[in-house]
Amino acid sequence: MDTNTQGLSLDEAREIDLIKYLSSLGHEPVKIRNADYWYLSPLRNEVTASFKVNTNINRWYDHGIGQGGNTIDFALIYHKCTVGEFMEQLNGNLILQKPTIHQPGNTITTEHKIKVVEDSKLESYALLKYLEERKIPLEIAVKFCSEVKYELSDKIYYGIGFKNDSGGYEIRNPYFKSGSSPKGITTINNSADTVCVFEGFIDFMSFLATNKNLPEKSQDFVVLNSVSFFERARSFMENHESIRLYLDRDATGRNNTQRALSLSTKYNDQSHLYEKHKDFNDWLTNNSKPQKKHRGQRL
């Protein structure tokens, strides 16, 4: 929904911007000299920066271990993963390490858990740049999101955090998306008669970005955070006179929309407004205009 990395070739993955990638992992340069960005090495402990990225050629070199290369070369060492596992990450799978199978005789798979360790104001350059690329105004993002640092497999990462009603977070950065437990929906209750429903928070903020002139608190909102939570959201949604669905236009989104329309006449499909795009943000980032609405219809 809100990643551009799906379907990257190996050649494209090798050329991912190293400065942005390191920033997404929580590593910032300690000094910059022309095209050379110097870091405390992400690959080992040190007190004097000896890890260099040259932005002219987009390559790294760690003087302490005598190794360097492109983004894939770095990722294989940093994540201790294979090329295939790294490519899975770029296609939306944050958990790089394979699940642990308990032996003997126990076939239960345990996944690495994400633990949010800090919640603060959005200010990372990489995250702000990502929002700009998604055409989400900063004044909207800071109202509904925060910058979260989270722990996964003994490493600290950070991303844009969007909190759900249960206390967990949906997390996004330029390279992957995931979330922390507990999972759940996000509701914004303004005691309005109409509720607008979105699959993800990027689409929710895209709606706000294109409807800045709407009266404040004129509508309620539900962000499902996963279409699997549709049933969980029904009681809140159906407490309104009108339910406007802005779900994705992929097979899953269309199926959920059709099912909702069969449940009650309260449900209204609004996805025709971006029918040539996969979702609201895809329309927004491609500078398209929604189809002309019938007189009296609001987006």
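How many bridges join β8 to strand β9, and in which sense do the two strands run? Five bridges join β8 to β9 (residues 146-152), and the two strands run antiparallel.

## Basis of the report

This is a predicted model, in which local features need pLDDT of at least 70 and side-chain atom pairs count only at pLDDT 80 or more, while totals for chains, interfaces and linings use all residues. Residues are numbered from 1 along each chain as its sequence is written, and side-chain values use heavy atoms, with hydrogens and water left out.

Helices (H or I, at least four residues) and strands (E, at least two) are DSSP runs, numbered from the N terminus. Two strands are said to pair if DSSP finds at least two bridges between them.

## The five-stranded sheet

Strands β8 and β9 belong to an open sheet of five strands, arranged in the order β8-β9-β10-β11-β12 with antiparallel pairing. At its edges lie β8 (115-120) and β12 (177-179), each of which pairs on one side only. Neighbouring strands of this sheet are turned by 35° against each other on average, direction ignored. Such angles run from 0 to 180 degrees between N-to-C directions, and the axes are lines fitted to C-alpha atoms, for helices over the stretch in contact.

Between β8 and β9, Ser-120 stands opposite Glu-147 of β9. Helix α5 (residues 125-133) packs on the sheet and touches β9, β10 (155-163) and β11 (169-172), contact meaning heavy atoms within 4.5 Å. The direction of α5 makes about 40° with that of β10.

## Two hairpins sharing β4

Strand β3 (residues 51-54) pairs with β4 in the antiparallel sense over four bridges. Phe-51 has Asp-62 of β4 as its bridge partner. The hairpin formed by β3 and β4 has four residues between the strands, and Asn-58 in the turn has a positive phi of about 55°.

On β4, three bridges also support antiparallel pairing with strand β5 (residues 67-69). Here the bridge partner of Trp-60 is Gly-69 in β5. β4 and β5 likewise form a hairpin with four residues between them, and Gly-66 in the turn has a positive phi of about 70°. Strand β4 (residues 59-62) has a covered face, made up of Trp-60 and Asp-62, and an uncovered face with Arg-59 and Tyr-61.

## Salt bridges

The structure holds eleven salt bridges, each defined as a side-chain nitrogen of Lys or Arg within 4 Å of a carboxyl oxygen of Asp or Glu. One of them joins Arg-14 to Asp-11, with the closest N and O atoms 2.6 Å apart. Both residues lie in helix α1 (residues 10-14), three residues apart, or about one turn of the helix. For accessibility, buried means under 20% relative accessible area, exposed over 50%, and partly exposed in between (1.4 Å probe, protein chains only). Arg-14 is partly exposed at 29%, whereas Asp-11 counts as exposed at 54%.

Glu-139 forms a salt bridge with Lys-212, the closest N and O atoms lying 3.6 Å apart. This pair links distant parts of the chain, 73 residues apart: Glu-139 is in helix α6 (residues 138-144), and Lys-212 is in the loop between α7 (201-210) and β15 (220-223). A further salt bridge connects Glu-170 and Arg-172, with a closest N to O separation of 3.8 Å. Glu-170 is buried, with a relative accessible area of 7%, and Arg-172 is buried as well, at 9%. In addition, Glu-231, Arg-234, Glu-238 and Arg-259 are linked in a network of salt bridges.
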